[in-house]
Amino acid sequence: MQHIKAMGIMLYPNQAINKLKRVCFLVALTLPLWSYSQQENHKKHAQTEVDSVKTNILKEVVLIASKKKLFYQQEPKPLASVDEFLDSAQKVNMIKRGAYAWEPAVNNMVSERLSVTIDGMRIFAACTDKMDPITSYVDVSNLSKITVASGQEGSEHGVCVGGAIDLELDKTGFKEDYFKVNIESGFESNNKQKIIGADLNFADTNFYVDADVIYRNADNYFAGGGEEVLYSQFEKYNLSFNGGVLLKNESKLTTSFIFDEARNVGYPALPMDVSLARAFIGSVSYEQLHLGQLTHWESKLYANSITHIMDDSKRPDVPIRMDMPGWSDTYGFYSQAQLNKQKHNVLFKVDGYYNRALAEMTMYPNDPNQSAMFMLTWPDVHTLNSGIYVQDQITFAQSDLKVSTRLSFQNNRVADEFGLNSLKIFYPDMEASQNRFLTSMAAQYHKKINAFDVAAGLSYATRAPSVSEGYGFYLYNSSDNHDYIGNPNLKNEQALELNGSVALNKKTFNISLDANAFKMPNYIIGEVDTNLSPMTIGAEGVKVYQNLDYAVITNVALSSAYKISKTLNLNGVISYHRGIDNDQRNLPFISPLAYGATLKYHKKTFNGELAMRGAGKQIHYNPDFGEDQSDAYTIFSLALGKTFYVSKNQLYLKTGVENIFDTYYSTYSDWNNIPRMGRNIYVSLSYKIN
Ligand SMILES: [Cu+2]
């Protein structure tokens, strides 16, 4: 403990220590590369993929359930939220507006620049204020792993420029005479979060059934030092079901269903809370192992429906009461197959979806003589997107090349007459319907030279404006205090990406340097329009979405892992990020220098982990987007786990402390500077009946 404290003092912003020294210290500290989980991932890849030479620098896999294995040995906190799991991924940063429903960013790009899918299904949020990222509609009980893909590596599941996140559902699959029950419960001291869940897996050689349920309930949390963060409570429950039957001729029929509901969710960084966020997510798939020359032909039909109700009734003083419900329904399909021929491993895919997005705002003036005001903030926008995707992985003796392309057609139609007429105030010539063609192509080369892995890639992609960017009507942004208006005349945003990596892989030691740069012509961002006045009381002005000439986003990461002994592993990472536009203005929500290190111990049934995480002072920020300078911080956490055997059954106890020194801090990604959670002690107990 003494040692940790000493490290904390050394790392802390102190005028006596200059920045350079700190960076050097960190580089030395973090020299070992590749986190343990990544090593695990590589093993997994090697098993499942034809070519063991290939490394996948553009992909990161976060393992979640591993219910079938010996519990959650790798995970610091088994019943952590999906958000916390994502936050632990090196490629992901989370924008926080409270304790619930964080918004993931990949390569410092968020929702509209990413493709976020559940088992390949497209789902779109129903909140105009980004309170409900797709990742908030699942729980860890549903998932086996999360795949984070950088740049065009993510275009398999849909159009994206920054990357993709695919949440993979946990299915038992066909197993002989299989029956397992798992009961889990957890408690967190800081916000008195109570978690209880159970799952049941039942299978035989020709069918399987999985069912699970999880419930979470949390009060307000407390920041470091003991300050209560008001309106940070939440309550959520989630039910899911998976089933499959094996048919004749090596084919199978599977289905999945998720019901997720959150109530009384506080958003301390926003002026409103959420009384209800509900999702129904369902799918039916047909898979066939062989079809002529093709292998693994899979087709899926899916539908999902989201309801989001915002609520300000708990806030004591609001200038005006508002009702703001939103709905998003999506119907989609995909069909894909592989062709393996000599050096080639080709994937063909056709996909499509139809989404309806509608959001309303009713304002009730305090003066009862004034009538309520009604607006459509999303004017019932119907989006039809259909595309084809082809990738070929070509394997040579010591190298491989992957090329891929996606071509999509997208139609947007404003279905509501009143909504269309509202937008016509700004765009008199606007048409209800609009077509766009979207393209992407990517090439990635990897070569093994002795103990080194060298990779480089080049890609190009375009994306259409999101519903808010194209058709939003007075959407209030509490970070920069402006109302935003969409712009149907926006051009497609483009992204030209260059990436490269060098890794040295030794038996006990790995180190890797990864870098990418995105040049993005027609980058979409809100710009102030001084001719317009805001609708929201107290807002500073109005911004209209515009295309910039271009923006540039760069990310560099140095990561390393060192196997000290059979039982002890040390790994670390340090990363640098930068985002500017064509006038050298800083883009908002770009991470400052960030670092982390983890020491893991694992012996038989016991495991322990000591982790450090921090960031430098935010040098590049932009006050025009409501940003101010975030201070540097370093926090520490500790986790201990032990498995006990009760006859054939297993009991797994995990406990830990997060933010050990109860540090008060807020990062660049905390909306309106809301502080993060202070010291938190958690305990979780899982019981597995075999
Ligand atoms: Cu909302």
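**A sheet, a copper site and a cavity**

T117 has R122 in β5 as its bridge partner. Start there. The model is predicted, so local features need pLDDT of at least 70 and side-chain atom pairs count only at pLDDT 80 or more, while totals for chains, interfaces and linings use all residues. Residues are numbered from 1 along each chain as its sequence is written, and side-chain values use heavy atoms, leaving out hydrogens and water.

The T117 bridge leads to a pair of strands (E runs of at least two residues in DSSP, numbered from the N terminus). β4 covers residues 114-118 and pairs with β5 in the antiparallel sense, over 2 bridges. Two strands count as paired if DSSP finds at least two bridges between them. Now widen the view. β4 and β5 belong to an open sheet of 5 strands, in the order β1-β6-β7-β4-β5 and with mixed pairing. β1 (59-63) and β5 (121-122) stand at the edges with a single partner strand each, so one side of each has no neighbour in the sheet.

Between β4 and β5 runs a loop, and D119 sits in it. D119 is not a glycine, yet its phi is positive, at about 50°. Most residues other than glycine have a negative phi. D119 is buried (under 20% relative accessible area, with a 1.4 Å probe and protein chains only), because its relative accessibility is 9%. S647 also has a positive phi of about 50° without being a glycine. Its loop lies between β33 (633-646) and β34 (649-658). S647 counts as exposed (over 50%), because its relative accessibility is 69%.

Next, find the copper ion. C127 (SG), M131 (SD), H308 (NE2) and M310 (SD) coordinate the copper ion at 2.1 to 2.6 Å. Donors are N, O or S atoms within 2.8 Å of the metal (3.2 Å for Na, K and Ca). Along the chain, the donors of the copper ion follow the spacing C-x3-M-x176-H-x1-M. H308 and M310 are both buried.

Last come the enclosed spaces. A cavity is a set of points on a 1 Å grid where a 1.4 Å probe fits but cannot get out. The count is 11 cavities of 30 Å³ or more. The second largest holds about 110 Å³ of space, a volume filled by probe spheres set on the points. The second largest cavity is lined by 16 residues (an atom within 4 Å of a point), and L58, Q152, E153, A442 and Q444 are the closest to its centre. β20 (399-414), β21 (433-449), β22 (452-463) and β25 (493-505) each give at least two residues to this lining.

Definitions and conventions
Helices (H or I, at least four residues) and strands (E, at least two) are DSSP runs, numbered from the N terminus. On a 1 Å grid over the protein atoms alone, a cavity is a set of points where a 1.4 Å probe fits but cannot get out, and a pocket is an open set with protein on both sides within 12 Å along at least five of seven lines; lining residues have an atom within 4 Å of a point.
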